[in-house]
Amino acid sequence: MPHRSFRAKAGTEPFSQDAAHHEGHACPPWREEHEAGEKAEGRREMSRWPTRLLGEICGINPKQNGSERLSPDSLVSFIPMSAVDERAGDIRDRQDRPLAEVLKGYMAFRENDVLFAKITPCMENGKAAIARRLTNGIGFGSTEFHVLRCGPDLMPEWAFAFVRQPQFRENAKV
């Protein structure tokens with residue numbers, strides 16, 4: 001996946017919308033002018049945010065997941081693509097499998113990694129989840145997942161919300 005740049009600032013809510021706009025209600029003209037001024041100010045403030053490549057703040061498809069510390073008969077989580085719910089963005093129907101059974105031929109990840117589909121139509125549908133409650137903190141799954149391992153400057157919840165954006169998914173296809 002090519003590295004894409006984006007702007008991020010801790011504590012922002014880039015996906016929220018005013019309830020009146022969201023529900024399609026008309027706003028008084030003075031409010032629209034006020035909001036236009038706020039948006040322009042927001043754009044000026046955002047222009048001061050550093051632009052970072054995704055690969056600078058998280059690992060993309062990291063090879064190691066900590067499984068090297070486990071014995072081959074240790075149980076780990078196995079997450080098939082069908083276990084990721086594209087509407088809720090969570091993992092359902094986890095399976096436990098012996099490490100030796102999944103060590104080769106599957107995508108490796110660990111607790112709090114962000115998984116998202118790399119193949120359409122799953123990517124277009126927003127199949128993504130944060131890997132949580134993994135057996136022994138280790139997981140393996142479909143090679144059709146991209147894995148993002150967040151660094152200290154990025155929360156998994158923010159990365160998850162970011163990859164679920166339609167614009168990100170559209171850009172990721174190319």
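Buried means a relative accessible area under 20%, exposed means over 50%, and partly exposed lies in between, computed with a 1.4 Å probe on protein chains only. The exercises below concern a predicted model, in which local features need a pLDDT of at least 70 and side-chain atom pairs count only at pLDDT 80 or more, whereas totals for chains, interfaces and linings use all residues. Residues are numbered from 1 along each chain as its sequence is written, and side-chain values use heavy atoms, with hydrogens and water left out.

**Exercise 1. Confidence**

Task: State the mean pLDDT of the protein, and describe residues 1-31 by their pLDDT.

Solution: Begin with the scale, on which pLDDT is the predictor's confidence in each residue, from 0 to 100. The mean for the protein is 79, and 73% of the residues reach 70 or more. Over residues 1-31, however, pLDDT stays under 50, and for this stretch the model has 48 contacts beyond four places in sequence, a contact being heavy atoms within 4.5 Å.

**Exercise 2. The surroundings of Arg-92**

Task: Decide whether Arg-92 is buried, partly exposed or exposed, and find the side chains with which its own side chain makes polar contacts.

Solution: First locate Arg-92, which sits in the loop between strand 6 (90-91) and strand 7 (95-98); helices (H or I, at least four residues) and strands (E, at least two) are DSSP runs, numbered from the N terminus. Its relative accessibility is 40%, so Arg-92 counts as partly exposed. Next, list its partners: leaving aside neighbours within four places in sequence, Arg-92 is in contact with Ala-83 and Asp-85. A polar contact is a pair of N or O atoms within 3.5 Å, where within protein one must be able to donate a hydrogen and the other to accept it, and residues adjacent in sequence count only if both atoms are side-chain atoms. The side chain of Arg-92 makes such a contact with the side chain of Asp-85 at 3.4 Å, and another with the side chain of Asp-90 at 3.1 Å.

**Exercise 3. Ser-77 and the loop that holds Arg-133**

Task: Establish where Ser-77 is found, and which backbone atom lies 2.8 Å from a polar atom of its side chain.

Solution: Ser-77 belongs to strand 4 (residues 75-79), and with a relative accessible area of 0% it is buried. A polar atom of the Ser-77 side chain lies 2.8 Å from the backbone nitrogen of Thr-135. Not counting residues up to four places away in sequence, Ser-77 touches several residues, including Arg-94, Arg-133, Thr-135 and Phe-140. Arg-133 is found in the loop between strand 10 and strand 11 (138-141), and at 62% relative accessibility it counts as exposed. Its phi is near 55 degrees, a positive value in a residue other than glycine. Most residues other than glycine have a negative phi.

**Exercise 4. Sheet and helix**

Task: Give the strand order of the open sheet of four strands, and say which strands helix 5 touches.

Solution: The order is 3-12-9-10, with antiparallel pairing, where two strands pair if DSSP finds at least two bridges between them. Strand 3 (58-60) and strand 10 (128-130) are the edge strands, each pairing on one side only. From one strand to the next the twist averages 20 degrees. Helix 5 packs on the sheet and touches strand 9, strand 10 and strand 12, its direction making about 175 degrees with that of strand 10; axes are lines fitted to C-alpha atoms, for helices over the stretch in contact, and angles run from 0 to 180 degrees between N-to-C directions. Helix 5 (residues 156-163) is mostly covered, since six of its eight residues are buried.

**Exercise 5. Aromatic pairs**

Task: Classify the ring pairs Phe-78 with Tyr-106 and Trp-158 with Phe-162.

Solution: Rings of Phe, Tyr and Trp (its six-membered ring) pair if their centres lie within 6.5 Å, and planes under 30 degrees apart count as stacked, over 60 as edge-to-face and the rest as tilted. The structure holds four aromatic pairs. The rings of Phe-78 and Tyr-106 have centres 4.9 Å apart and planes at 80 degrees, so this pair is edge-to-face. Phe-78 lies in strand 4 and Tyr-106 in the loop between helix 4 (99-102) and strand 8, so the pair ties together parts that are 28 residues apart in sequence. For Trp-158 and Phe-162 the centres are 5.1 Å apart and the planes are at 15 degrees, so that pair is stacked. Both residues lie in helix 5, four residues apart, and both Trp-158 and Phe-162 are buried. Finally, ring pairs link Phe-116, Trp-158, Phe-162 and Phe-168 into a cluster.
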